[in-house]
Amino acid sequence: MAHNLRTMLTRLGVILTCLLLPALAAANTVVIRDARIFDGVNDQLSSSRDVLVVNGLIDSIGPSLSVPEGTKEIDAGGKTLMPGLIDAHAHIMLQLPVWQALSVDEYYYAYTATVAAKIIIDNGFTTIRDMSGDTFSLRKAIDAGTLVGPRIFPSGPMISQTAGHSDHRADEAAPRLLDGHSRSPLERRGMTAVADGVPEVLQAARENLRRGATQIKIAVGGGISSYGDPLDVTQFTEDEISAAVDAAAGWGTYVAAHVYNSKGVRRAVDLGVRSIEHANLIDRETLEYMNKRDVWLSPQVLVFQQELKGMNADQLEKQRQALDGLNDLMTNANKIGYRNIVFGTDIVTSLDELKRINQELLIRTQWFKPVEVLRQATSKAGELVALSGPRNPYGKLGVIEPGAVADILIVDGNPLTDIAVLTKPEQNLRVIMQGGRLHKNTL
């Protein structure tokens, strides 16, 4: 009796499996028909192609693909299909006005970040590299599907020395030698970290790695929004920089460095830093030096044209210096054919400004062809985030090819000839897919 019951249940299980497997497969399968593809690399759109997405990955690409019965179909109608955009220098937790950032608690930061997350993905950015802030829990919530937002490669709090770019204490703050608890509100809330000496730098980097940092960010030169560090200064000793590089290397990942000046860039590069953030004031020789060593350049433009309310005269002067240096940086990068340059925005302190991040794409065409700008925001940025090695849990990003993560945009218009179509995402981004999940579909 028991044997017969087991046999019946086994047969029933086989029958149900046979019936359900096609339905389960179809539930995780989407085919996009009749799309002209920008794959993140080539400078021309393909002829009409279909793209099959299975379990969040691009399975196959070709004309008139055969697909499992029940597969969800989207008719692109000849529109442009391209990779989801990647912002390689974002600050999703820091979208509060300066005066508010210094007065609210960490919960308010988090609530604001959830709004920022939706703004970013609504603009077509399916992935960001977050370059300072306590984004670890936000990342988990987005990955779990609890919140809508871009995939996050978190650095955790940026690490600098006392009187460095992570030290946002006002002049009246007590020296740490007199008060070991002297911290800026940003540091107390885990958005930045100040460390002095090799042991503290190691500890700060390791704490970020413990919480899930995909790369480490340090500041080796002055910054605009911080109070006590001119843009021409160098920060951290060689031993301190090497400590951060060693800590990251031990986890199979890399260090990115905030710096504007040539001396700081060269020192960072010589000590193993793989990505230079900003670099507005470097000379052509230093840029060529970086290029020969395959160092990544992560510049931004729009943020330096942004008016940061609440800045004092010294900070505004630093912003002017950085803006004045941008044309030379970008012109030289174009002239020497800089290989590894990525797209980033660095927008802070304003949700309204964050809504304009796609303007950065158009602004860069002052120096680069549209296809070059698009590569910076797709395949090249995908290569950069892949430097995280085993700390990258997501897969290949920034391209349309079999095996890549299915981050896909369908666009009205051809951004290879008119990149301005991407500056109107509400109107022209007809489909936004992230990891095979449809965030937006107006087709």
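**Strand pairing and burial in the predicted model**

Strand β1 (residues 29-37) and strand β5 (residues 80-83) run parallel and are joined by 2 bridges, where strands are DSSP runs of E with at least two residues, helices are DSSP runs of H or I with at least four residues, and both are numbered from the N terminus; two strands are taken to pair if DSSP finds at least two bridges between them. The structure is a predicted model, in which local features need pLDDT of at least 70 and side-chain atom pairs count only at pLDDT 80 or more, while totals for chains, interfaces and linings use all residues. Residues are numbered from 1 along each chain as its sequence is written, and side-chain values use heavy atoms, with hydrogens and water left out.

Within the pairing of β1 and β5, R36 stands opposite T80, and I37 has L81 as its bridge partner. L81 also has a bridge partner in β15, namely I410, and β5 is joined to strand β15 (residues 408-411) by 4 bridges, the two strands running antiparallel. Strand β1 is further joined by 5 bridges to strand β2 (residues 49-54), which runs antiparallel to it, with V31 opposite L52. Another 4 bridges link β1 to strand β4 (residues 72-75) in a parallel arrangement, and here V30 is the bridge partner of K72. Because 7 of the 9 residues of β1 are buried, this strand is largely enclosed by the rest of the structure; buried means under 20% relative accessible area, exposed over 50%, and partly exposed in between, with a 1.4 Å probe and protein chains only.

A second buried site is provided by V255, whose relative accessible area is 2% and which is found in strand β12 (residues 255-259). Leaving aside residues up to four places away in sequence, V255 touches I216, I218, A244, V245, A248, V273, R274 and S275, a contact being defined by heavy atoms within 4.5 Å. Of these partners, I216 is 39 residues from V255 in sequence, yet the C-alpha atoms of the two are 4.8 Å apart in space.

For the protein chain as a whole, 15 helices and 17 strands were assigned, and buried residues make up 56% of the 443 residues. Among contacts between residues at least 6 apart in sequence, 70% join residues at least 24 apart. The radius of gyration, taken over C-alpha atoms, is 23 Å, which agrees with the value near 22 Å for a compact globule with 443 residues, the globule rule being 2.2 Å times the number of residues to the power 0.38.
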